[in-house]
Amino acid sequence: MKYYIIIPAYNEEAFMGLTLQSLVEQTVLPTKLIVVNDNSTDKTAEIVSEFASQFPFIQLVNKKSDAIHLPGSKVIQAFQEGEKHIDENYDIIVKIDADLIFPKNYFETIIKHFQSDDRIGMVGGFCYIETRNKHIKSNKKNRVPEHLWQKNEICEEKNGDWVLENLTDKDHIRGALKAYRKETFKQIGGLKPQMGWDTVDELLCKFYNWKVVTDESLHVKHLKPTGASYNQAARYKQGEAFYTLGYGFFITAVASIKLALRKGKPLLFLDYIKGFWKAKREKKNLLVTPEQAQFIRKYRWKKMIQKLKR
């Protein structure tokens, strides 16, 4: 099965080379890899260009946009720019972040899952973060000339403990590493350019009776913890996302408490709830149809009841 990868990237010179290196060392290589450099002010584009000069399947696309990072909208707009530069000759389309290190058999394993059942619509592994201080040094194995890197460019794994970045249930694929069967991707309407896109995609998969598979054997190193740079406006967006998914207040409250506790910051709950009510007052458009919203609420209630019975 042919797979295409699209990587949105904004000021990722610290990790971009390490991510690309892990991709060019895959046991099954991508047919096409598009990196969308979204108005970076660092050496991200130079690093990607160096890889592209050595690996013909890699392509750099430059995009101009606002530098303000609001989760969801900016990254998916960059992804959609990448879509303009691919053809239809793929079986799997993949959205990944520019701060990941993949095991060499990652995409070989992903493909095997898709081949095992033609109703599998999405597959992904798990993100792990380092808990100790990182040891910084240049990676001599990297094919990129050292002059393209800043002093703090690569995190060496030495003496580090890598633990699961436990922000979601284990049946959910993190937004950092999403692989879709082409037919599934088309049916769910692609990715939505706002926060909540990486939840609504899976809920729509289930709405259309596609299977979502997570593989706990696939450990991916996530070099930049999720949400590390989010400001309060970005945190309000999480509550807005719960509203636009059609959750309703009670499900939003439960989801907000759960997420805030998982992040170890209970007071985030208040920002999420404020974001929900703000979206409700402004009558924000939902990401889903009324029928889909009803399905989503029933699905969420069912999952909560199942957990209470355990």
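These are my notebook entries on a predicted model of one protein chain.

**Entry 1: the whole chain**

I began with an overview. The chain holds 10 helices and 11 strands. I then asked what share of the 310 residues is buried. The answer is 51%. Next I looked up how far along the sequence the contacts reach. Among contacts between residues at least 6 apart in sequence, 81% join residues at least 24 apart.

**Entry 2: helix α1**

I went to helix α1, which covers residues 16–24. How many of its residues are buried? I found 9 of the 9 buried, so the helix is largely enclosed by the rest of the structure. For anyone following along in the viewer, the buried residues are M16, G17, L18, T19, L20, Q21, S22, L23 and V24.

**Entry 3: D38**

My next stop was D38, in strand β2, which spans residues 32–38. Is D38 buried or exposed? Its relative accessible area is 2%, and buried means under 20%, so D38 is buried. I also listed what D38 touches, leaving out residues up to four places away in sequence. The list is A9, Y10, K63, K64, S65, K74 and A78.

**Entry 4: cysteines**

I checked for disulfides and found 0 in the structure. I looked up two cysteines while I was there. C127 is buried, with a relative accessible area of 2%. C205 is buried too, with a value of 0%.

**Entry 5: α6 against α10**

Here I wanted to see how two helices meet. Two packed helices are described by the angle between their axes and the distance between the axes. Helix α6 takes in residues 197–207 and helix α10 residues 290–309. They pack at an angle of about 95°, with their axes 10 Å apart. That angle makes α6 roughly perpendicular to α10.

Which residues make the contact? From α6 I noted T199, L203, L204, K206 and F207. From α10 I noted E291, Q292, F295, I296, Y299 and R300. Sorted by class, this contact has 6 nonpolar, 2 polar and 3 charged residues.

**Entry 6: a closer look at K206**

K206 belongs to helix α6, and I wanted its details. With 23% relative accessibility, K206 counts as partly exposed. Not counting residues up to four places away in sequence, K206 touches V212, F295 and Y299. I also looked up its separation from I296. The two are 90 residues apart in sequence, yet their C-alpha atoms are 9.1 Å apart in space.

**Entry 7: α8 against α9**

A second helix pair came next. Helix α8 (residues 249–262) packs with α9 at an angle of about 150°, and their axes are 8 Å apart. That makes α8 roughly antiparallel to α9. The crossing of α8 past α9 is right-handed.

On the α8 side, the contact is made by F249, T252, A253, S256, I257, L259 and A260. On the α9 side, it is made by L268, F269, Y272, I273, F276 and W277. By class I have 11 nonpolar and 2 polar residues, with no charged residues in this contact.

**Entry 8: T214**

I moved to strand β11 and picked out T214. At 22% relative accessibility, T214 counts as partly exposed. Its contacts, again leaving out residues up to four places away in sequence, are G124, F126, K170, D171, H172 and I173. How far apart are T214 and G124 in sequence and in space? They are 90 residues apart in sequence and 5.1 Å apart in space, C-alpha to C-alpha.

**Entry 9: positive phi values**

Last, I turned to the backbone. Most residues other than glycine have a negative phi. I looked up two residues that go the other way.

N209 is not a glycine, and its phi is positive, at about 65°. N209 sits in the loop between α6 and β11, a strand covering 211–222. Is N209 buried or exposed? Its relative accessibility is 60%, so N209 counts as exposed.

K283 also has a positive phi, near 55°, and is a residue other than glycine. I found K283 in the loop between α9, which covers 268–281, and α10. K283 counts as exposed, at 68% relative accessibility.

Methods:
Residues are numbered from 1 along each chain as its sequence is written. This is a predicted model: local features need pLDDT of at least 70, side-chain atom pairs count only at pLDDT 80 or more; totals for chains, interfaces and linings use all residues. Side-chain values use heavy atoms; hydrogens and water are left out. Axes are lines fitted to C-alpha atoms, for helices over the stretch in contact, and angles run from 0 to 180 degrees between N-to-C directions. Helices (H or I, at least four residues) and strands (E, at least two) are DSSP runs, numbered from the N terminus. Angles under 35 degrees count as roughly parallel, over 145 as roughly antiparallel, 65 to 115 as roughly perpendicular and the rest as oblique. Contact means heavy atoms within 4.5 Å. Ala, Val, Leu, Ile, Met, Phe, Trp, Tyr, Cys and Pro count as nonpolar, Asp, Glu, Lys and Arg as charged, and the others, Gly among them, as polar. Buried means under 20% relative accessible area, exposed over 50%, partly exposed in between (1.4 Å probe, protein chains only). A disulfide is a pair of cysteine sulfur atoms within 2.5 Å. A crossing is left-handed if the near helix is turned anticlockwise from the far one by less than a right angle, and right-handed if clockwise.
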